[in-house]
Amino acid sequence: FANRSENFAATSPRLDFFSNPIPPITGRTKEYGLGSTFFGGKLDLKLARFETSQLYASHNGGANIANFETTLYNALVLAGRASEWNTFGLNGQPTNAPYQVPSGQGTTKDGIAKGTTLEIYFQPAQNWNFYASVDQLKQTASNFNREATAFLNARAPYYKKYFDQGLRVNGTTDAISSSDLLKTNFANSVLSRYGSEIASEGTSNRGVAPYSAKLVGRYGFSEGSLKGLSIGTNLRWESGKVVGYGTATKNLSIGGVENYPVIVSDPSSREYRTDPVFAGGAFASYSRRIFSNRIRWKVQFNAQDLFSKVGLRVIAANGDGSPVWAMSPSRAYELSNSFEF
């Protein structure tokens, strides 16, 4: 079997820094594999390979660009050089008016997931069945903040002119002034944030287990004194999840600044993982007809997360390996009673 599909999400309109519309979130999926049944349909196997991509997913970024545009405009006004000001207006064309953030302005990123899955269904007897699967998955993200990158590249020659002149936030070029250089302000307010927003470029998504497996089993008694009783279990295993990476210094040349150092994730230096996870639960149910077969009565007991650890668990790691903690799901027990008329 094989299939290809495309999809999109009808989100609210989004604009980039030039007021151009951002395409909707789109996705593409490719899947192919082989399946076969044995023993008169009692054993069913399926092996599949898939690849799913997502383009223009919303990314919470922006790099503080709008604030720096205001800082630069005010510096030129204070210097008596307001006539030199220009930027991009809400129509996407050059303008001498102060910069305005387009309504619905956003930034995006792309993602791709590739994996292989093996599914097994086995029914050795009429009242006894199993379902199992083994999965391999890798998810990565890329093209972080492409909208901010395009704007900074377009504004680089304009910014650089004032950086090279030594213009300061207060509109002077006085070397003994305590006011920050525009270049310093840009580096601290824009590039440092931009660097953190693209820090995960090309890395595997955190919190995703590269390998996982699950097993669901059920046995139902169809005769004797236990007729109507069913028991079962669901088990899940996950390999250690990537929760962080070591860091490295990357030199950015963007927005009129050359070789500005930022800290980014570096998978080649070190990878932080959690311990493997083994979890699962069990259930037991009893069903029978009552009141001359007019009503079906069913009572069921579910126990969730019987085998997993409780309390604090590591969900992320900082660049130095220090953990970020959260509470694990607590064990849950549920008893339900139902009547079907």
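**Contacts, strand pairing and two residue environments**

Of the contacts in the protein between residues at least 6 apart in sequence, 67% link residues at least 24 apart. The model is predicted. Its secondary structure consists of three helices and 18 strands.

The overall dimensions depart from those of a compact globule. For 341 residues, such a globule would have a radius of gyration near 20 Å. The protein has 29 Å. The C-alpha trace spans about 95 × 40 × 40 Å along the principal axes. Buried residues account for 33% of the 341 residues. The exposed surface of the protein comes to about 19400 Å². Carbon and sulfur atoms supply 54% of that surface. Charge was examined as well. The protein carries 35 positive and 26 negative charges. The mean positions of these two sets lie 8 Å apart.

A run of antiparallel pairings connects strands S3, S6, S7, S8 and S9. It can be followed from S3, which covers residues 43-59. Strand S6 covers residues 107-125. S3 and S6 run antiparallel and are joined by 15 bridges. Within this pairing, Glu51 has Lys114 of S6 as its bridge partner.

S6 also pairs with strand S7, residues 128-142. This pairing is antiparallel too, with 14 bridges. Leu118 stands opposite Val134 of S7. S6 and S7 form a hairpin, and two residues lie between them.

The next partner of S7 is strand S8, residues 211-220. Nine bridges hold this antiparallel pair. Trp128 faces Tyr219 of S8 across the pairing, standing opposite that residue. S8 in turn pairs with strand S9, residues 229-238. The sense is antiparallel, and the bridges number nine. Here Ser212 stands opposite Glu238 of S9. In a regular strand, side chains alternate between the two faces of the sheet.

Two residues illustrate local environments, one in a strand and one in a loop. Ala57 belongs to strand S3, the strand that pairs with S6. Its relative accessible area is 8%, so Ala57 counts as buried; the cut-off for this class is under 20%. Leaving aside residues up to four places away in sequence, Ala57 touches Arg14, Ile25, Thr107, Thr108 and Lys109. Three of these contacts, Thr107, Thr108 and Lys109, fall within the residue range of S6. Gly27 is 30 residues from Ala57 along the chain. The C-alpha atoms of Ala57 and Gly27 are separated by 9.5 Å.

Pro98 occupies the loop between strand S5 (94-95) and S6. Its relative accessibility is 40%, so Pro98 counts as partly exposed. That class lies between the limits of 20% for buried and 50% for exposed. With residues up to four places away in sequence not counted, Pro98 touches Tyr73, Trp85 and Thr87. Ser330 is 232 residues from Pro98 in sequence. In space, the two residues are 53 Å apart, C-alpha to C-alpha.

Technical notes
Residues numbered from 1 in each chain as written. Predicted model: local features only at pLDDT ≥ 70, side-chain atom pairs only at ≥ 80, totals over all residues. Heavy atoms only, no water. Helix = DSSP H or I, 4+ residues; strand = E, 2+ residues; numbered from the N terminus. Rg over C-alpha atoms; globule rule 2.2 N^0.38 Å. Buried < 20%, exposed > 50% of the residue type's maximum accessible area, 1.4 Å probe, protein only. Contact = heavy atoms within 4.5 Å. Areas by Shrake-Rupley, 256 points an atom, 1.4 Å probe, with all protein chains shown as cover. Lys, Arg positive; Asp, Glu negative; His and termini not counted. Charge placed at Lys NZ, Arg CZ, Asp CG, Glu CD. Pairing = 2+ DSSP bridges.
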